[in-house]
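Student: Could you take me closely through one part of this protein, the pocket and what surrounds it?

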Amino acid sequence: MKLETIAIHAGNHIDETSRAVVQPIVMATTFQRGEDGGYPSGHMYSRASNPNRAFLENVIAKLEGGVEAAAFSSGNAAGMSVFQALQPGTHIIAPDDMYHGLRNQLKALFAGILEFDFVDVNDAGVLRSHIKANTGVIWLETPSNPLLKVTDIKQAVAIAKERGIKVVCDNTFATPVCQQPLSLGADLVMHSTTKYFGGHSDLMGGALITAEKNEWWAKIRNVQTMGGAIPSPMDCYYLTRSIKTLPYRVRGHVANAQLLTAYLKKHPKVEQVLYPGLPSHPQHAIAKGQMSAFGAMFSFTVSGGEQQACRVINSLKLFTQATSLGGVESLIEHRASVEGPDTKTPFNLLRVSPGLEHIDDLIADLEQALG
């Protein structure tokens, strides 16, 4: 099936009792056992499994071309479950511009438990030179947040496979509509489902999708069950509902991103536009080879430094200054002020999540703010 069909049908279930065409929300925390003491419904306790979560995990796994998915209460909880499933002393190689929430998580919660290096994973020589005997995971994030760097997934996978190292790819910016890392050899894909999967800035979640059910995946599932950082049945229901329109929403976001970046590229008060879809992007050819579309996220730097960038962001009317991304409303943020003192983000950089408003209105808003 194509993505549009998967998005609608793989998370849906016709209720056997009422014959409702949309699955009910099952709020129960516990489920009746059979006469033999077993669990005829397949569910025992909602921390371990729930019908709504099962539907959600099925559609997410199918969208990414994986064999199974695990849903979590946030993207950070999903990422943390990967780290928790590793043996103490395992070495992780991660991007030098890794999403700051997970980067800070490693530094604050796993220092002394795991080893990690933040390096330029786009440079094959640098990547190889940082591999150690205890390296267990190469973490990728492509396109990256907020510098929109693109990593050659096949190249990173080839290097990892030489040493039996697992590859995890954060696919949040791309979504499976634009990129499918498992098909390129990655072992695991991560999403903050808060973003494009949810798509309306009103629920939080995360997910992991695996290429195969192996011992490592069993450990991650164990972390999910025992740790209990799982989404509520209500969140699972609404997330499954949102996913039904994911392919169409993402195409609308991408179309607006392409037109906005083309406009900003020519603006005299814009120094640089960071978007993989632009031929000027340093990894444009890589993105073109591994992505079916270039995604919707982009960043741009404003002439005049941080003060002028803040003036622009405060002059906008339709773009809301807020953290997060992937909603139907356009968001914009000064990322350096969020990421802290060790940020690698330029202080005149603004990250943009184009919404689904009419492109003429968005361009007009940027025009008056920059002018």
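Tutor: What follows looks at the largest pocket, then at one lysine and one helix beside it.

This is a predicted model, in which local features need pLDDT of at least 70 and side-chain atom pairs count only at pLDDT 80 or more, while totals for chains, interfaces and linings use all residues. Residues are numbered from 1 along each chain as its sequence is written, and side-chain values use heavy atoms, with hydrogens and water left out.

A pocket here is an open set of points on a 1 Å grid where a 1.4 Å probe fits, with protein on both sides within 12 Å along at least five of seven lines, and lining residues have an atom within 4 Å of a point. The largest pocket has a volume of about 400 Å³, the space filled by probe spheres set on the points. Its lining comprises 23 residues, and Asn76, Tyr99, Asn145, Ser192 and Lys195 are those nearest the centre; helix H3 (75-84) and helix H4 (100-109) are the elements that each give two or more residues to this lining. Because domain 1 (3-241) and domain 2 (246-370), with bounds from an automatic or database domain assignment, both contribute lining residues, the pocket lies between them.

Lys195 sits in the loop between strand S6 (188-191) and strand S7 (206-210), and the unreviewed UniProt entry annotates Lys195 as "modified residue: N6-(pyridoxal phosphate)lysine", though such annotations may be inferred rather than shown by experiment. Lys195 counts as buried because its relative accessibility is 16%, the cut-off being under 20% relative accessible area with a 1.4 Å probe and protein chains only. Leaving aside neighbours within four places in sequence, Lys195 is in contact with Thr172, Ser324, Leu325 and Gly326, contact meaning heavy atoms within 4.5 Å.

In H4, the buried residues include His100, Arg103 and Gln105, and among the elements that cover the buried residues of H4 are H3 and S6.

Note on methods
Helices (H or I, at least four residues) and strands (E, at least two) are DSSP runs, numbered from the N terminus. Buried means under 20% relative accessible area, exposed over 50%, partly exposed in between (1.4 Å probe, protein chains only).
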